[in-house]
Amino acid sequence: MSATIARRRATRQAGVYVAAAALAVFVLGPIFWLVTTSLKPRSEVFASPPKFLPTELTFANYADVLTPDTLQFFANSVIVCLGTTVMCLAFSLLACFTLTRTGTRGRKPILVGVLVSQLLPQAVLLVPLYRAADTLGLLNSRFGLMVAFMTFTLPVAIWLLRGFLMAIPLELEEAARLDGLSEFGAYWRVIVPLAKPGVAAVGIYVFFMAWQDFMYSLVFLTDASKRTLPLGVLALIGSHTIEWGQLMAVSALLLVPILLVFTFAQRYFIAGLTAGAVKG
Amino acid sequence: MASVSYRGAERLYPGGDRPAVADLNLEVEDGEFMVLVGPSGCGKSTSLRMLAGLEEVTGGRILIGDHDVTDVPPKERDIAMVFQNYALYPHMNVADNMAFALKLAGVGKEERMARVREAAKLLDLEPYLERKPKALSGGQRQRVAMGRAIVRHPQVFCMDEPLSNLDAKLRVSTRTQIAALQQRLGITTLYVTHDQVEAMTMGDRVAVMKDGVLQQVDSPLRLYERPTNVFVAGFIGSPAMNLLSAKPGDGGVVIDNHLLPVDRATASKIDGDVTVGIRPEAWRMVSESEGGLPVRVTVVEELGADAYVYGQCDLDGVPGQVVIRAAAGRVPHKGETVHVTSDPDRVHVFDGGSGRRLST
């Protein structure tokens, strides 16, 4: 191997690292700013020139926001998002049985319809959904919010899951049916367990979509005790003052579950997404 | 154990203009090894899947024993199937794969394990019972698929090209094992393959299909010796039978001015142009003066004990391909011209239009 090739390779590698570093600054910069601001005393938040690292570390912002109310909001968020995930997975798995494993007529139009419904901006659905929820008595309830979340999570879940499920060979289902299972039994006991990484990936994705919602929660929930955490953030933005340190502290707390889930489930998530990419 | 009957069974796909399987009438006896063979798209796999219940039957009936199973779901047909890609459950180990059907049928754990061990012993799978399918070789996976079928003691085995994913050498040895195993267990078996050698070596009887239509059902030897039409004649046998167009002549058929004698009964049935079929080993090399068909040798395949000689002949101005089996020591050279003829009892005559057999 000649020195030129070695040098060229080194240059190329350096280039890759520089690009990766730039990307990391771009992606992690705001999170870094969020975390450091949450750890600064109020006097340093607007210091000029800006202080990238707090000179004196304080947890006062966290202490201030960790009230029983915030914990309640946090719990509400977890309940609503887990509920949405479970319901969404159940419904999308049932839908995918019909859409992937049976020769039901009209599968194509249904799939296209699902895709089109996903193209509507969420804000457009807000008013009709609100009226529907009002009629059904689902306003100001966590269950109602879960149902509302499904309007935008279910189409995505169906499309993603369909890809994972279609990638599983048909012969496995046929073998299971000859081994003594019904069509649905073969799907539920053989096909779905094999698509587990995909199901997990879709579950995580749905959870994230629900977790970051602000608009639906704001419109559907009126009772303070039922609010989700993103609404709790809103309470810190007053008409005269904004408690930036506290705001950042709550936002940091919002990130914790996402980081936790991702740390433990990233293997599934990435395996699932790439598996879907190969055949979907 | 039971017999299998297809009674006018038909499979028409929605929107199709021609059925994938048309009016299939086939009786498989109890304990028989029946091979369905034909080129791809001939309907052999579809026929098998109709029996298994994986494919809808759009006409006619299918019976297992005296029991009409046409509308019975697959799980109630008591059929075990071996798939081309084996279709082993990837998330279960070998033992669980084999025991799955028994477990669903409510067979107790002791009995389950006993039957799995028995099958594993039969198939040399004992050391691998704890392994997942992905940790097995192709041949081992194939045996697990067989084991999964065996443990169930089903009424019928369905095998859909179970050897085509194996390499050539393993295919030959597994072929023998499956045939021996079937004989030992005595379970009625339908076996689908596109490989006519597999069909000939394994089946008690062979059903040849083409374009969804059953052409002939017979023992391998009968298929070879008395093909019912041009298609079967050309499909069964390797290298394939020589099929040459010919005209009626005095006491025989005329191939490019060379008279080939046929027996009197056959000659009386000839009415117009015919197709003449001669197996490579049925050619006899003669001297030029004896009036054989001249063949210019283009390729010689030496096999040791004998050789296949490929050559070209002239059929009224159209070049024709001829294959001749020559005994060792009498193999002509490339470029040489040999003269060949055959004997009346070894010449198959088929109608030139319909392709039906005229020879008696």
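Is helix H2 of chain B, residues 94–104, mostly covered or mostly uncovered? Select that helix in this predicted model. Helix H2 of chain B is mostly covered, with eight of its 11 residues buried.

**Stop 1: inside H2(B).** Show side chains. The buried set includes Val94(B), Ala95(B) and Asn97(B). Continue along H2(B) to Met98(B), Ala99(B), Phe100(B), Ala101(B) and Leu102(B), which are buried too.

**Stop 2: the neighbours.** Keep H2(B) on screen and add helix H3 (109–122) and helix H4 (138–150) of chain B; the buried residues of H2(B) pack against both. Now add helix H9 (183–194) of chain A, which is another packing partner of those buried residues.

**Stop 3: the whole of chain B.** Zoom out. Chain B holds nine helices and 20 strands. Its C-alpha trace spans about 80 × 45 × 35 Å along the principal axes. Of its 360 residues, 51% count as buried. Take the contacts in chain B between residues at least 6 apart in sequence: 66% of them join residues at least 24 apart.

**Stop 4: the surface of chain B.** Switch to a surface view. Chain B exposes about 16200 Å², and carbon and sulfur atoms supply 47% of that area. Colour by charge: there are 41 positive and 47 negative side chains in chain B. The centres of these two sets lie 7 Å apart.

**Stop 5: a patch on chain A.** Select Phe46(A), in the loop between helix H2 (42–45) and helix H3 (60–65) of chain A. Phe46(A) counts as exposed because its relative accessibility is 63%, and the cut-off is over 50%. Add Phe214(A), Leu218(A), Leu234(A), Ile237(A), Ile242(A) and Trp244(A): with Phe46(A), they make a nonpolar surface patch of about 630 Å².

Methods: Residues are numbered from 1 along each chain as its sequence is written. Chains are lettered from A and ligands numbered from 1 in the order in which they are written. This is a predicted model: local features need pLDDT of at least 70, side-chain atom pairs count only at pLDDT 80 or more; totals for chains, interfaces and linings use all residues. Side-chain values use heavy atoms; hydrogens and water are left out. Helices (H or I, at least four residues) and strands (E, at least two) are DSSP runs, numbered from the N terminus. Buried means under 20% relative accessible area, exposed over 50%, partly exposed in between (1.4 Å probe, protein chains only). Contact means heavy atoms within 4.5 Å. Accessible areas come from the Shrake-Rupley method with a 1.4 Å probe; for residues, only the protein chains shown count as cover. Lys and Arg count as positive and Asp and Glu as negative; His and the chain ends are not counted. The place of a charge is taken as NZ of Lys, CZ of Arg, CG of Asp or CD of Glu. Patches are made of residues with over 30% relative accessible area and no salt bridge: like charges are joined within 9 Å, nonpolar side chains (Val, Leu, Ile, Met, Phe, Trp, Tyr) within 5 Å. A salt bridge is a side-chain nitrogen of Lys or Arg within 4 Å of a carboxyl oxygen of Asp or Glu.
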